[in-house]
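Dear colleague,

Please find below the structure that I am handing over to you. My findings follow directly after it.

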Amino acid sequence: KHSFNAHCTPNLRQETVNVDGQNLTVRSLYPYFLQFKNVELLSGHVSLKGKLSLQNNEVKALVTNYEGMLSLNDFQLIENGDSEDFLFWKSINFDGINLSLGGAKQFFFLRKLALNDFYTKLTLSEKGELNISDTLVRKGVDVPKSDKAARSDITSQAGSVGLPRPA
């Protein structure tokens with residue numbers, strides 16, 4: 001389910017979009033981000049409901065505002081070339097988002113954050129670096145295979161964390 005209700009002024013100086021999307025599949029968008037990631041998205045859904053405003057002034061920078069909620073559900077990531085979960089969560093909910101980018105005052109406020117059934121496999125290298133740094137592709141920088149191999153030898157224990165949903 002999704003609905004968008006948009007209003008805009010002449011010359012597209014100001015746009016307002018009321019967004020309501022439930023259980024939108026993220027996997028279909030993943031190819032657009034694939035070049036930046038060393039992980040593979042196996043599953044994931046996003047739900048959002050809120051108001052997105054864009055103010056486009058020729059003299060000043062584009063100002064983007066969002067007020068609403070965002071929920072990422074059933075996310076499962078694996079490292080490229082691996083079959084074990086790298087990151088998994090049942091749900092992470094961001095409620096009461098108030099975000100402003102590009103204006104004189106840039107801010108991000110969040111009223112409530114809820115995380116349910118979370119797991120990650122963190123691995124520490126001999127140099128004290130976490131494998132999370134390997135999930136982003138860096139142009140012109142390659143992590144030596146010896147560092148990757150060392151990470152597999154020194155693994156921290158990770159487990160699931162279940163947080164009850166607030167009433």
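A residue is called buried here if its relative accessible area is under 20%, exposed if that value is over 50%, and partly exposed in between. Please bear in mind that this is a predicted model.

**Overall architecture**

The protein chain contains one helix and seven strands. Read from the N terminus, the order of these elements is β-β-β-β-β-β-β-α. The chain has 167 residues, of which 27% count as buried. Its exposed surface comes to about 11300 Å², with carbon and sulfur atoms supplying 57% of that area. Among contacts with a separation of 6 or more, 53% are between residues 24 or more positions apart.

**Pairing of the strands**

Strand β3 (residues 39–55) pairs with β4 in the antiparallel sense, over 15 bridges. Within this pairing, L52 stands opposite Y66 of β4. Strand β4 in turn pairs with β5, again in the antiparallel sense, here over 13 bridges. One of the bridge partnerships between these two strands joins L72 to I92 in β5.

Strand β5 has further partners. Three bridges link β5 to strand β6 (residues 107–109), and this pairing is antiparallel. L99 has F108 in β6 as its bridge partner. The two strands form a hairpin with five residues between them, and G102 in the turn has a positive phi of about 90°. Strand β7 (residues 112–120) also runs antiparallel to β5, to which it is joined by eight bridges. There, F94 has L113 of β7 as its bridge partner.

**Aromatic pairs**

A pair of aromatic rings is described by the distance of the centres and the angle of the planes. Two aromatic pairs are present in the structure. In the pair F75 and W89, the ring centres are 5.1 Å apart and the planes lie at 20°, so the pair is stacked. F75 belongs to strand β4 (residues 63–79) and W89 to strand β5 (residues 85–101), so this pair ties together parts that are 14 residues apart in sequence. Both F75 and W89 are buried. F75 also stands opposite W89 in the pairing with β5.

The other pair consists of F107 and F109, whose ring centres are 5.2 Å apart with the planes at 40°, so this pair is tilted. With a relative accessible area of 28%, F107 is partly exposed, because that value lies between the limits of 20% and 50%.

**The surroundings of S47**

I would also draw your attention to S47, which lies in strand β3. Its relative accessibility is 5%, so S47 counts as buried. A polar atom of the S47 side chain lies 2.9 Å from the backbone nitrogen of N23. Leaving aside residues up to four places away in sequence, S47 touches G21, Q22, N23, M69, L70, S71 and N73. N23 thus appears both in the polar pair and in the list of residues that S47 touches.

**In brief**

Two points may serve as a starting place for your own inspection. The stacked pair of F75 and W89 is made of two buried residues that stand opposite each other where β4 and β5 pair. S47 in β3 is likewise buried, and the backbone nitrogen of N23 lies 2.9 Å from a polar atom of its side chain.

With kind regards

Methods. Residues numbered from 1 in each chain as written. Predicted model: local features only at pLDDT ≥ 70, side-chain atom pairs only at ≥ 80, totals over all residues. Heavy atoms only, no water. Phe/Tyr/Trp six-rings, centres within 6.5 Å; stacked < 30°, edge-to-face > 60°. Helix = DSSP H or I, 4+ residues; strand = E, 2+ residues; numbered from the N terminus. Buried < 20%, exposed > 50% of the residue type's maximum accessible area, 1.4 Å probe, protein only. Pairing = 2+ DSSP bridges. Contact = heavy atoms within 4.5 Å. Areas by Shrake-Rupley, 256 points an atom, 1.4 Å probe, with all protein chains shown as cover. Polar contact = N/O pair within 3.5 Å; in protein donor to acceptor, adjacent residues only side chain to side chain.
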